[in-house]
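Q: Could you take a close look at one part of this model for me and talk me through what sits around it? I'd like the strand pairing, the helix packing and a loop residue covered in one go.

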Amino acid sequence: MRDIQTFNMIATEGLDLLNKKEYSLNETQDAEAILLRSKKIHDLTFNESLLAIARAGAGVNNIPIERASEEGIVVFNTPGANANAVKEMVIAGLIMAARPIYRGINWLKELQGDDISEQVEAGKKQFSGTELAGKTLGVIGLGAIGSLLATDAYHLKMDVIGYDPYVSVETAWNISRRVKNAKTLQEVLRDSDYISIHIPVNANTEGYVDKEFINQMKDGAVLLNFARNELIVKEDLLEALEEGKLSKYVTDFAEKEFFDNDKIMMFPHLGASTDEAEVQCSIMAVKTLKYFLETGNIINSVNFPTIDVPLQSPLRITIVNRNVPNMIGQISAILAKHFVNIDNILNRSRGNYAYTVIDIPEVEMSLLEEVTGQIQEISGVIKTRIIERK
């Protein structure tokens, strides 16, 4: 029985995929996996049995990735599962930036008297806006969300410029051919009336939108951020709004410094908050987690390489290790010493870490445990596991 520890409310459509004869939820202190949404676990001590953490969502800044890697724990996310929900919120933000709908609604609620219709006709001019059609939208980051936004904005009759030096082939096929592919960031910033950011937060992108970034934007442009709050240098943003370099900032992340600023429109982190997105994220997270626990295959990991090899042999050994020379040679030597044949072996690395899958024929479990014990003693090996084919 594999126990999975859950945090937050995980949609039952995903949890129902866990066979109750094979999986339990929150029943032991030695869970093999963690399934969560937004719960911050940086201060959580991981038990030795923990193999994986699955986030039902795209961002993983609530998980200590480096510490998990050091302990041989694979971290998964669910890229694309909530993309449509976030895209729709960005479009709502675009529309509300162009048309002062929210201010108009609040103004209407304050009207009194029996001549409401006359007051509306007399005062509605103050809420005149602009149309999106014919304006230029720059999309920075053409992943699951950015590519959907770029395509749909074109159908709103906007001119769309996309920028992503790392865009995948799959994404490129899905984006409308009428979306212009910018060669440089400067081209997007210079020509866009609206800029929407869709990139992850990491050591290279934290503070991505700073004074230098903003100064390259068109005067009076609108900036939208539904990606991550840490991408923005708040002081530089506020200065640009005060000076008129930016006309508006639309974001899904609340900040105390942004309250009472008429040029900032904040949403309470609603991007992925739809029933459909929560279900899709739950299903994707559970499927990814089950696949890893039952086969050792890794897909949608943020800290280890993708390995997807059909489990056809009776037994499989998986090894998490540091990416150092001669690791495969040492592992193979131990298997040869015990006369254990190898049906298939695959090793892939990602940064400082690597993952090895070795498929072998049927052998005595006692022998296999001795072999994996010796592999575990190799300098640089972090975690080993034995998987039996069902």
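A: Let's start with the yardstick for exposure: a residue counts as buried under 20% relative accessible area, as exposed over 50%, and as partly exposed in between. Keep in mind that this is a predicted model.

With that cut-off, Lys263 comes out as partly exposed, because its relative accessible area is 33%. Lys263 sits in the loop between strand S11 (246-251) and strand S12 (264-266). Leaving aside residues up to four places away in sequence, Lys263 touches Leu241, Glu242, Gly244, Ser247, Lys248 and Tyr249. As for Glu110, the C-alpha atoms of Lys263 and Glu110 are 21 Å apart in space, with the two positions 153 residues apart in sequence.

Now for a strand with another story. In S13 (residues 315-322), 7 of the 8 residues are buried, so the strand is largely enclosed by the rest of the structure. S13 has pairing partners too. Strand S15 (residues 353-360) runs antiparallel to S13, and 8 bridges join them; in that pairing, Ile317 stands opposite Ile358 of S15. Strand S16 (residues 381-388) also pairs with S13 in the antiparallel sense, over 7 bridges, and there Arg316 has Ile387 as its bridge partner.

On to the helices, with H12 (residues 327-337) and H13 (residues 365-376). Their axes come within 10 Å and cross at roughly 150 degrees, and H12 and H13 are therefore roughly antiparallel to each other. The crossing of H12 past H13 is right-handed. On the H12 side the contact is made by Ile331, Ile334, Leu335 and Lys337, and on the H13 side by Val371, Gln374 and Ile375. Sorted by class, that contact of H12 with H13 has 5 nonpolar, 1 polar and 1 charged residues.

The other helix pair is H3 (residues 83-98) with H6 (residues 144-155), whose axes come within 9 Å and cross at roughly 50 degrees. That angle makes H3 oblique to H6. H3 passes H6 in a right-handed crossing as well. From H3, Ala83, Asn84, Val86, Lys87, Val90, Ile91 and Leu94 take part, meeting Ala144, Ile145, Leu148, Leu149 and Asp152 of H6. The residues of this contact of H3 with H6 split into 9 nonpolar, 1 polar and 2 charged.

Methods: Residues are numbered from 1 along each chain as its sequence is written. This is a predicted model: local features need pLDDT of at least 70, side-chain atom pairs count only at pLDDT 80 or more; totals for chains, interfaces and linings use all residues. Side-chain values use heavy atoms; hydrogens and water are left out. Buried means under 20% relative accessible area, exposed over 50%, partly exposed in between (1.4 Å probe, protein chains only). Helices (H or I, at least four residues) and strands (E, at least two) are DSSP runs, numbered from the N terminus. Two strands pair if DSSP finds at least two bridges between them. Axes are lines fitted to C-alpha atoms, for helices over the stretch in contact, and angles run from 0 to 180 degrees between N-to-C directions. Angles under 35 degrees count as roughly parallel, over 145 as roughly antiparallel, 65 to 115 as roughly perpendicular and the rest as oblique. A crossing is left-handed if the near helix is turned anticlockwise from the far one by less than a right angle, and right-handed if clockwise. Contact means heavy atoms within 4.5 Å. Ala, Val, Leu, Ile, Met, Phe, Trp, Tyr, Cys and Pro count as nonpolar, Asp, Glu, Lys and Arg as charged, and the others, Gly among them, as polar.
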